[in-house]
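Student: I would like a close look at a single part of this protein. Could you pick one helix and walk me through its surroundings?

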Amino acid sequence: MSRKYSHTTADVLQWSDAINLIAKLEKDENYKMSLFISVSIFFGLRVSDTLSITWEQILNKDQTIKVDFEVIEKKTKKYRIIKINPELAKHILSCYQKMRPKSLQEFVFVSNKRSVYSVQRINIILKEIREKYKIEIKNFSCHSLRKCFGAELYRRGDKSEHMLLKLSMIFNHSSTQITRRYIGIQSADISNMYDVLTF
């Protein structure tokens, strides 16, 4: 946790590192954090919105995974529909069966005391995970996971301006310049673009 009045910028977690971490946490039976990291990098929500998810938002009454679900973002009050990726759906269902919540009305990310995790507590847990699994990232927090989502979509979208525009809409950024900084597009990356030109 950062000191009062100090500002720490979260670094971007690489997609491959996130996927490996999800698998390791599941193998070690830490289903809650495996699920937290996976929904964070697949949904791209702010952590406050991720922590507000209930099982009934993502599961049908017959305990099958929904195709999508609705979110009203806490910060912006904007309405969003989040589509659930089919691969993620399998992981959600697997974690649900192992976590065995008492009811679908429960929040997904609750402590052993049955209270919803705070953002601060999640950040402490992520730092412990970074140490335990030797993750190569300096400033690891909830924000790193949202940035991971954005950086990977940008990469898979051929690093196009069109994808950057879509991401700025998802993140509710006022400009693509903010999105560039947010997902860690460095000036060196932009400078290297000149090297691809040939006669």
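Tutor: Happy to! Let us start with α7, where C142, S144, L145, R146, K147, C148, F149, G150, A151, E152 and Y154 are buried. Buried here means under 20% relative accessible area, while exposed means over 50% and partly exposed lies in between (1.4 Å probe, protein chains only). Helices (H or I, at least four residues) and strands (E, at least two) are DSSP runs, numbered from the N terminus.

Before going on, a word about the source: this is a predicted model, in which local features need pLDDT of at least 70 and side-chain atom pairs count only at pLDDT 80 or more, while totals for chains, interfaces and linings use all residues. Residues are numbered from 1 along each chain as its sequence is written, and side-chain values use heavy atoms, with hydrogens and water left out.

Back to the helix. With 11 of its 15 residues buried, α7 is mostly covered. One of these is C148, which counts as buried because its relative accessibility is 1%. What do the buried residues of α7 pack against? Their partners are α1 (15–27), α2 (31–43), α3 (47–50), α6, α8 (161–170) and α9 (176–182), where contact means heavy atoms within 4.5 Å.

You can also check the length of α7. The expected span of a helix is 1.5 Å times one less than its number of residues. For the 15 residues of α7 that should give 21 Å, and the end C-alpha atoms are 22 Å apart, which agrees. After α7 comes D158, with a positive phi near 60°.

Now step back to one of the partners, α6 (119–133). Its 15 residues should also span 21 Å, and its end C-alpha atoms are 21 Å apart, in agreement. The buried residues of α6 are I122, N123, I125, L126, I129, R130 and Y133. Seen down the axis, they fall within an arc of 160°, so they line one face of the helix; the arc is that of the directions from the helix axis to the C-beta atoms. A general rule helps here: an α-helix has 3.6 residues a turn, so residues three or four places apart point the same way. On the face of α6 turned away from its buried side sit the exposed residues E131 and K132. The buried side packs against α1, α2 and α7.

Between α6 and α7 (142–156) there is a loop, and K134 lies in it. Just after α6, K134 takes a positive phi of about 50°, although it is a residue other than glycine. K134 is exposed because its relative accessible area is 65%.

Finally, how does this region fit into the interior? A nonpolar core is a set of buried Ala, Val, Leu, Ile, Met, Phe, Trp, Tyr and Cys residues joined through side-chain atoms within 4.5 Å. The largest one has 46 residues, of which F36, F43, W55, I58 and I92 touch the most other members. Both α6 and α7 are among the elements that each supply at least two residues of this core, and α2 gives the most, with eight residues. F43 links back to our helix, as its contacts include F149, one of the buried residues of α7. A second, separate core of 10 residues includes A151, L164, L167 and Y182, and A151 is likewise a buried residue of α7.
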